[in-house]
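Hello,

Here is the structure we talked about handing over. Please open it first, then read the notes below.

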8 protein chains.
Amino acid sequence: MQPKVSIIMGSTSDLPVMKKAADFLNDLKIPFEINALSAHRTPAQVETFAKGAEDRGIKVIIAAAGMAAHLPGVIASMVKIPVIGVPINASLDGMDALLSIAQMPPGIPVATVGINGAQNAGILAAQMIATGDAETSQKLANFKESLKDKIVKANEDLKEVKYEFKTN
Amino acid sequence: MQPKVSIIMGSTSDLPVMKKAADFLNDLKIPFEINALSAHRTPAQVETFAKGAEDRGIKVIIAAAGMAAHLPGVIASMVKIPVIGVPINASLDGMDALLSIAQMPPGIPVATVGINGAQNAGILAAQMIATGDAETSQKLANFKESLKDKIVKANEDLKEVKYEFKTN
Amino acid sequence: MQPKVSIIMGSTSDLPVMKKAADFLNDLKIPFEINALSAHRTPAQVETFAKGAEDRGIKVIIAAAGMAAHLPGVIASMVKIPVIGVPINASLDGMDALLSIAQMPPGIPVATVGINGAQNAGILAAQMIATGDAETSQKLANFKESLKDKIVKANEDLKEVKYEFKTN
Amino acid sequence: MQPKVSIIMGSTSDLPVMKKAADFLNDLKIPFEINALSAHRTPAQVETFAKGAEDRGIKVIIAAAGMAAHLPGVIASMVKIPVIGVPINASLDGMDALLSIAQMPPGIPVATVGINGAQNAGILAAQMIATGDAETSQKLANFKESLKDKIVKANEDLKEVKYEFKTN
Amino acid sequence: MQPKVSIIMGSTSDLPVMKKAADFLNDLKIPFEINALSAHRTPAQVETFAKGAEDRGIKVIIAAAGMAAHLPGVIASMVKIPVIGVPINASLDGMDALLSIAQMPPGIPVATVGINGAQNAGILAAQMIATGDAETSQKLANFKESLKDKIVKANEDLKEVKYEFKTN
Amino acid sequence: MQPKVSIIMGSTSDLPVMKKAADFLNDLKIPFEINALSAHRTPAQVETFAKGAEDRGIKVIIAAAGMAAHLPGVIASMVKIPVIGVPINASLDGMDALLSIAQMPPGIPVATVGINGAQNAGILAAQMIATGDAETSQKLANFKESLKDKIVKANEDLKEVKYEFKTN
Amino acid sequence: MQPKVSIIMGSTSDLPVMKKAADFLNDLKIPFEINALSAHRTPAQVETFAKGAEDRGIKVIIAAAGMAAHLPGVIASMVKIPVIGVPINASLDGMDALLSIAQMPPGIPVATVGINGAQNAGILAAQMIATGDAETSQKLANFKESLKDKIVKANEDLKEVKYEFKTN
Amino acid sequence: MQPKVSIIMGSTSDLPVMKKAADFLNDLKIPFEINALSAHRTPAQVETFAKGAEDRGIKVIIAAAGMAAHLPGVIASMVKIPVIGVPINASLDGMDALLSIAQMPPGIPVATVGINGAQNAGILAAQMIATGDAETSQKLANFKESLKDKIVKANEDLKEVKYEFKTN
């Protein structure tokens with residue numbers, strides 16, 4: 001099984017957040033890999049990884065980082081495929097990571113999701129892959145439909161909230 | 001010619017910024033359309049647009065908005081294809097737009113680029129399309145290569161800067 | 001009993017905050033309803049809700065949302081009645097929600113209260129309804145008078161604080 | 001002619017911003033007054049004004065202030081009718097005024113609009129008055145409809161933008 | 001015993017912070033009073049308090065408030081004596097209170113201390129009183145001298161920290 | 001003539017801002033001096049200045065600084081008299097200077113005014129001096145009274161603003 | 001043993017953070033001292049310390065401070081050797097300390113590391129010392145090499161994470 | 001002449017800011033080179049540069065970058081010598097660059113100076129070189145002494161400022 005999405009993070013401490021990207025890809029049966037890489041600790045490996053990713057069939061890279069979060073941008077500078085950046089809240093409520101990832105200079109985009117927004121990164125990766133894949137596209141339609149369930153359930157719960165002047 | 005990318009903005013005042021997305025797509029010969037839409041002024045048209053986009057063959061949507069920038073997220077809630085959000089600097093240095101676009105709740109991602117980062121939105125759209133398109137992928141490789149030219153030129157200019165103790 | 005105020009929120013997790021709006025309306029015997037809606041998960045239902053609200057006699061809508069908080073603005077784009085927005089603190093101390101709600105573009109206002117300011121949203125809704133309702137207006141006068149009680153009580157407590165050089 | 005809306009500001013330097021509230025009310029034929037008041041320079045007059053406003057038939061107050069913007073909150077503490085606050089950008093991009101107006105403590109709401117959002121304040125005032133006034137409600141419906149015109153016009157302008165690969 | 005300093009706060013919940021101002025004044029044997037007042041809940045009492053303060057011999061007012069912290073500025077608008085403002089951290093890390101207190105418009109200063117900086121407010125009040133009071137001035141000199149003690153103690157503790165290559 | 005207030009700044013570039021403090025003191029006939037000092041460029045002179053200030057009869061020090069604004073706090077660490085800090089907007093809209101001045105640690109207060117708030121610094125200094133000086137106190141009362149004039153004038157100007165539905 | 005690096009902090013409460021600087025220097029066998037000093041509590045001792053540091057053979061100073069963090073800048077104004085500043089998170093997530101240390105005016109630099117970034121301060125000090133010391137330089141090379149270990153270990157851990165569609 | 005300091009920047013547009021670093025090094029007769037490099041446009045060249053710098057005798061690197069400013073951190077990950085980072089104000093008042101440079105994760109420090117603080121970067125580089133170079137150390141002492149001149153001049157200018165109640 002050849003991975004289509006590569007999830008990279010700088011530390012296993014990011015795993016509880018990034019698990020949600022893996023969960024989503026797994027649910028949609030999109031093969032993926034997970035690796036630890038650090039723009040600062042292992043610059044040589046980052047380069048090796050980036051240069052090989054496309055040849056190994058990787059279509060999208062999801063890169064998570066906190067603080068001065070360079071990993072997504074550094075990877076993006078080395079590949080032609082889209083890179084999704086997940087700012088991790090490690091300090092300053094994640095604002096440093098958000099700015100370090102989103103504010104890339106012209107020429108080298110990173111598709112940034114919200115702070116700790118790993119599930120959204122997984123969905124976005126699936127959307128990119130679905131561009132040329134009707135089956136994944138259908139699964140995304142199903143997922144989108146299922147988003148309503150939480151609201152249906154919430155309305156059921158809210159019906160149980162009782163006030164004298166509450167009308168529903 | 002059927003468009004593959006749809007660029008939408010809330011006002012022609014965003015055109016000077018968003019032109020850079022159009023320029024990039026045009027340079028890569030990727031057909032695109034440009035429309036004005038407003039999440040707040042024309043909610044019905046946004047829905048009509050969103051529902052029809054995929055059927056018309058649109059693969060990626062680029063949506064620009066400033067201030068409480070809802071357009072990218074609202075579009076994203078209505079389509080399965082990827083939506084790229086461009087925060088426009090209309091107030092607070094663009095910080096309000098960046099947060100209104102990037103901080104989407106779980107389930108509905110927007111691929112956010114930097115403030116006024118329209119060229120990067122165009123590149124990202126091309127990267128997504130290149131997933132299943134070797135020609136566009138090659139053009140992106142050429143573009144990536146060309147990014148070095150600006151640095152080569154800069155080094156030539158910097159050689160002309162003279163100091164007694166400057167060694168190069 | 002026909003509701004005059006409609007409280008909407010994206011999730012039951014907002015209920016502990018939003019309960020204070022319901023409490024206030026209930027105390028003033030203003031009929032209200034509570035529903036879950038999501039600008040992003042259920043855009044079609046949001047539209048159905050918004051278009052029907054005025055016909056059902058709703059005079060004011062209170063909409064709560066966190067992060068990239070689009071719900072109040074999206075509702076406001078679809079109705080003529082006033083919409084009160086409550087920024088929920090779900091990330092970044094609620095600053096993202098405050099900006100996503102308050103910084104609406106010209107033409108579509110949202111009456112924004114403070115972060116997690118649900119009681120104030122309830123009071124503001126009552127003030128709007130009191131515009132044409134002398135009984136509610138009188139109840140608001142009573143409520144305003146009662147605000148002093150907390151200060152009277154605080155002064156009694158502060159009298160118990162003893163210091164050698166404290167004179168009161 | 002008895003005014004229904006009272007616009008107050010701390011200085012004539014706020015007039016270029018606040019004019020948009022007056023323009024909107026005038027267009028909707030809602031009688032209004034404009035006065036200068038300062039929470040800090042004329043506290044006694046603020047009190048006299050606030051106490052008399054309701055008796056004079058004022059239904060809504062629009063109060064503008066910059067920096068440590070206390071005027072809207074101070075007025076709100078003295079009246080039962082709704083107070084709309086307009087944060088003026090006089091320093092720190094208006095962030096100080098936004099926080100000084102929006103972050104009111106429980107019990108005394110101010111309906112806050114965006115920074116320099118005077119037109120939205122005028123619309124919100126009209127929405128509140130329309131609660132019991134079918135004619136104003138109809139005018140708001142017309143205004144809402146007219147918001148689309150700017151987008152229609154923008155689309156016409158965007159049609160004139162020519163690119164080889166632009167399809168519309 | 002006639003108070004020279006008046007400490008006011010909006011709620012007994014501010015007492016754990018504001019106690020440090022009282023402690024300092026008590027240590028310096030400067031008579032003070034503590035009262036609860038609210039710019040928003042009891043505007044009339046604020047006025048009564050402010051107008052009477054100077055006649056009762058108050059030389060300095062210390063006013064604490066959180067969120068949209070208007071109390072110090074509102075008091076300052078009504079008195080000629082100096083007002084010291086203490087921003088309380090009740091939301092947004094206290095940044096809203098700091099800006100609401102410090103950014104006063106020209107003409108009505110508030111002497112702002114740091115967020116939750118109640119001891120510094122007490123010291124500042126004592127410094128103002130010491131302007132015409134040699135005894136208090138001497139006590140402040142003693143206090144200033146005592147500040148060193150904490151550093152002397154810290155150095156003793158740090159001596160106990162052992163490392164092979166630590167030289168002291 | 002012996003100065004009672006000492007205005008210090010790090011550079012003559014601060015003079016256009018700080019002039020307003022001098023203007024106010026001059027208007028109230030309070031003798032003052034103006035000197036340039038820098039916490040970073042002339043630390044020894046700062047110490048000499050600080051140690052001599054009280055002996056020369058200085059009652060209050062006004063210190064202005066921008067960026068990492070250490071001057072007010074450094075002076076405050078060396079004197080017993082009150083130090084008023086004026087954050088100068090030299091970068092980051094003055095937010096760096098505001099925090100560097102206001103957020104002093106316990107034990108060493110600086111009475112902080114708003115960004116570029118030099119007039120307020122002058123008024124605050126006068127208020128401190130008026131503690132033991134009835135004549136200055138009366139002048140402050142006159143000044144406070146005169147603050148209303150700007151509002152009276154503004155109301156006259158606003159009367160000239162004509163709208164069909166403006167009632168005053 | 002003569003110290004080459006001097007670590008100073010304002011309080012033993014900073015020790016848990018600053019310990020990491022000491023740990024690093026100790027590991028590299030670089031002699032260091034630790035002292036408590038306060039720009040505000042002990043200005044005279046700061047001066048004595050600063051003036052003597054170079055004569056005692058100190059090559060680099062590491063200074064930690066929180067809030068309005070003046071210590072690093074004040075020390076830097078008194079010495080010719082490099083000063084490394086560590087912003088301590090004591091309020092506002094450490095943003096006040098970061099700005100108070102980094103935003104030094106022209107002429108007096110402080111080498112600022114990240115908020116609570118004590119280990120990086122230790123490494124930076126070692127890098128400066130290694131400029132003229134091949135042995136320390138080699139140890140830094142070894143340390144740099146060892147940074148990869150954490151990533152190797154992380155990859156081993158990530159291999160244990162199992163998903164049906166995880167390929168590695 | 002072999003360079004001891006290497007100044008790198010991403011664009012000649014940074015030259016007007018970075019010139020001040022070059023000016024300072026030239027004044028102190030410290031040989032330096034200036035090159036354009038981009039972490040994102042020329043990642044391969046960055047690596048080549050970094051790996052060769054130490055062998056070519058470079059003792060310190062000064063790297064300038066704006067927005068998501070990765071260059072200083074990326075260089076720092078590849079060298080053992082100290083890297084000084086200069087945040088360039090290209091957006092958001094330079095706050096994005098400051099955080100992207102200062103908030104480096106543990107293990108890879110960047111010595112960060114203030115926003116656009118190029119002269120301070122030059123001074124810091126000279127301080128590092130002076131560690132093992134008495135002549136440069138003496139020049140730094142002279143420079144430090146000269147910092148007072150600006151204050152002496154400022155005091156002369158301030159003497160010319162005339163007020164009736166100005167005493168000096």
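What follows is a short account of one interface, two chain pairs without contact, and some aromatic pairs.

Please keep in mind that this is a predicted model.

**Chain D and chain B**

Start with the interface of chain D and chain B. On one side, 18 residues of chain D take part; they are in contact with 27 residues of chain B. Together the two chains bury about 2,100 Å². Carbon and sulfur atoms account for 65% of that area.

What holds for salt bridges between chain D and chain B? The count is zero. Polar contacts do turn up: the rule finds 10 residue pairs across this interface, with both residues at pLDDT 80 or more.

Which element gives the largest share of the side of chain D that touches chain B? Helix α6 of chain D, residues 134-159, supplies eight residues there. By type, that side of chain D has nine nonpolar, three polar and six charged residues.

**Chains that do not touch**

Two chain pairs have no contact. Chain B and chain E are one of them, with their closest C-alpha atoms 16 Å apart. Chain A and chain F are another, and their closest C-alpha atoms also lie 16 Å apart.

**Aromatic pairs**

Over all chains, the count comes to 16 aromatic pairs. Two of these are described here.

One is Phe32(D) with Tyr163(F). The ring centres lie 5.4 Å apart. The planes meet at 70°, which is over the 60 degrees cut-off, so the pair is edge-to-face. Phe32(D) sits in strand β2 of chain D, residues 32-36. Tyr163(F) sits in the segment after α6 (134-159) of chain F, so this pair joins two chains.

Are these two residues buried or exposed? Phe32(D) has 0% relative accessibility and therefore counts as buried. Tyr163(F) has a relative accessible area of 15%; the limit for buried is under 20%, so Tyr163(F) is buried as well.

The other pair is Phe24(F) with Phe143(F). This pair is edge-to-face too, at 4.8 Å centre to centre and 80° between the planes. Phe24(F) belongs to helix α1 of chain F, residues 15-27. Phe143(F) belongs to helix α6 of chain F. The two residues are 119 residues apart, and the pair links distant parts of the chain. Both Phe24(F) and Phe143(F) are buried.

Best wishes

Technical notes
Residues are numbered from 1 along each chain as its sequence is written. Chains are lettered from A and ligands numbered from 1 in the order in which they are written. This is a predicted model: local features need pLDDT of at least 70, side-chain atom pairs count only at pLDDT 80 or more; totals for chains, interfaces and linings use all residues. Side-chain values use heavy atoms; hydrogens and water are left out. Contact means heavy atoms within 4.5 Å. Buried area is the accessible area (1.4 Å probe) that two parts lose on being put together, summed over both. A salt bridge is a side-chain nitrogen of Lys or Arg within 4 Å of a carboxyl oxygen of Asp or Glu. A polar contact is a pair of N or O atoms within 3.5 Å; within protein, one must be able to donate a hydrogen and the other to accept it, and residues adjacent in sequence count only if both atoms are side-chain atoms. Helices (H or I, at least four residues) and strands (E, at least two) are DSSP runs, numbered from the N terminus. Ala, Val, Leu, Ile, Met, Phe, Trp, Tyr, Cys and Pro count as nonpolar, Asp, Glu, Lys and Arg as charged, and the others, Gly among them, as polar. Rings of Phe, Tyr and Trp (its six-membered ring) pair if their centres lie within 6.5 Å; planes under 30 degrees apart count as stacked, over 60 as edge-to-face and the rest as tilted. Buried means under 20% relative accessible area, exposed over 50%, partly exposed in between (1.4 Å probe, protein chains only).
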